[in-house]
Amino acid sequence: MKTFFKTMFAAALLLPVSLTAGIPSLFDQFHHSEVLQLELELDFQTMYDNIKTNEEYPAVFRFQDSNGNWVELMSELRTRGRFRRRTCEFPPLRIDFSKKDLRARGLLDFDDLKLVTHCQEGREGKEAVLREYLAYRLYNQLTERSLRAQLVEVTYHDTGSRQEITSYGILLEDVDELAARMGSKECDECYGLTASDMQADNLKLHAMYQYMIGNVDWSLSQMRNLKVMQPIDGSSYWVAPYDFDFSGLVDVNYALANSGLGQEKVGDRVYLGSETRNAELQETADFFRSKKAALYQTVNEFELLPKRTRREITDYLNEFYTSLDQGIICEELADSGCATQGGK
């Protein structure tokens, strides 16, 4: 990993990201395969007072670099999400940094990171974070058009009560950074898009992945739990998903089945892509078959999850691959999706 304070030419910071490949971002500084140690110093009471608002409040962000040194940055926090901020014991957060500070440190000015926090205390809360991190890792295996995720262990310091909480979390890269990496820009108001507006291969891969992990908590037309990107060359849109907690793979106890889509329980697979014939998905299915060994290896090597949990996830993925061989589209139900039983 590059030294955090590496000096860069100031003029280079004004160039488009495509021309600044040698300049790291903040996320680049700590994105690696190990668990990143973080500290967040904030006032818990202020956080809970603003849990239903988008008001920002100050915080101190510290992370441990590759040399074991603690790097400190001033930041501002706000609660994010809709369902989780109402449900979770500890709300998910957005962390905003100073662009000026990042530039002064020789970094690109992608300054907005999302932190997926522990929703619940105890073993179930810990495992839920780890399983959702694994969901991001699996999607990263399939396409670079995906949000990079970094597993972190965060110690939250309450400046009011002096209480400390340590828990796993997931840091997600700035959406603008993902867009820039892919020569695109985020489309914030792209509601009502249909499959004809999208890059076909990307959309089919995305829909198949959501089917694989048993997640129906997404919508293209409503832009729910996905980011819509438009390449700067004007070609078709593409999507990058996030928030997998309602999936069968993550299997949180607060998730709700969507009976309107044919789910009897969370984890029942429902294909929500626009394809109406299995023949339209053969190339995508073959791609997933080619990635089977890599996906299973990612699961099996993630030793922070207990062996029984990894075995359970592997069994769940086995059901997906069996459904590929059987054909996942029920053509008579193509307009509403085809449900298959799975999960617990």
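**A strand barrel and a pair of crossing helices**

In strand 2, Phe 61 stands opposite Leu 73 in strand 3. The model is predicted, so that local features need pLDDT of at least 70 and side-chain atom pairs count only at pLDDT 80 or more, while totals for chains, interfaces and linings use all residues. Residues are numbered from 1 along each chain as its sequence is written, and side-chain values use heavy atoms, without hydrogens and water.Strand 2 (residues 57-64) and strand 3 (residues 70-79) pair in the antiparallel sense over 8 bridges. Two strands pair if DSSP finds at least two bridges between them; strands (E, at least two residues) and helices (H or I, at least four) are DSSP runs numbered from the N terminus.

These strands belong to a wider arrangement: 7 strands close into a barrel in the order 1-2-3-4-5-7-6, with mixed pairing. On average, neighbouring strands of this sheet are turned by 40 degrees against each other, direction ignored. Helix 5 (residues 122-142) packs on the sheet and touches strand 5 (112-116), strand 6 (149-158) and strand 7 (164-172), where contact means heavy atoms within 4.5 Å. The direction of helix 5 makes about 15 degrees with that of strand 7; angles run from 0 to 180 degrees between N-to-C directions, and axes are lines fitted to C-alpha atoms, for helices over the stretch in contact.

The axes of helix 7 (residues 200-212) and helix 8 (residues 282-290) come within 10 Å and cross at roughly 60 degrees. The two helices are therefore oblique to each other, as angles under 35 degrees count as roughly parallel, over 145 as roughly antiparallel, 65 to 115 as roughly perpendicular and the rest as oblique. At this crossing, Lys 204, Leu 205, Met 208, Tyr 209 and Met 212 in helix 7 meet Thr 284, Ala 285, Phe 287 and Phe 288 in helix 8.
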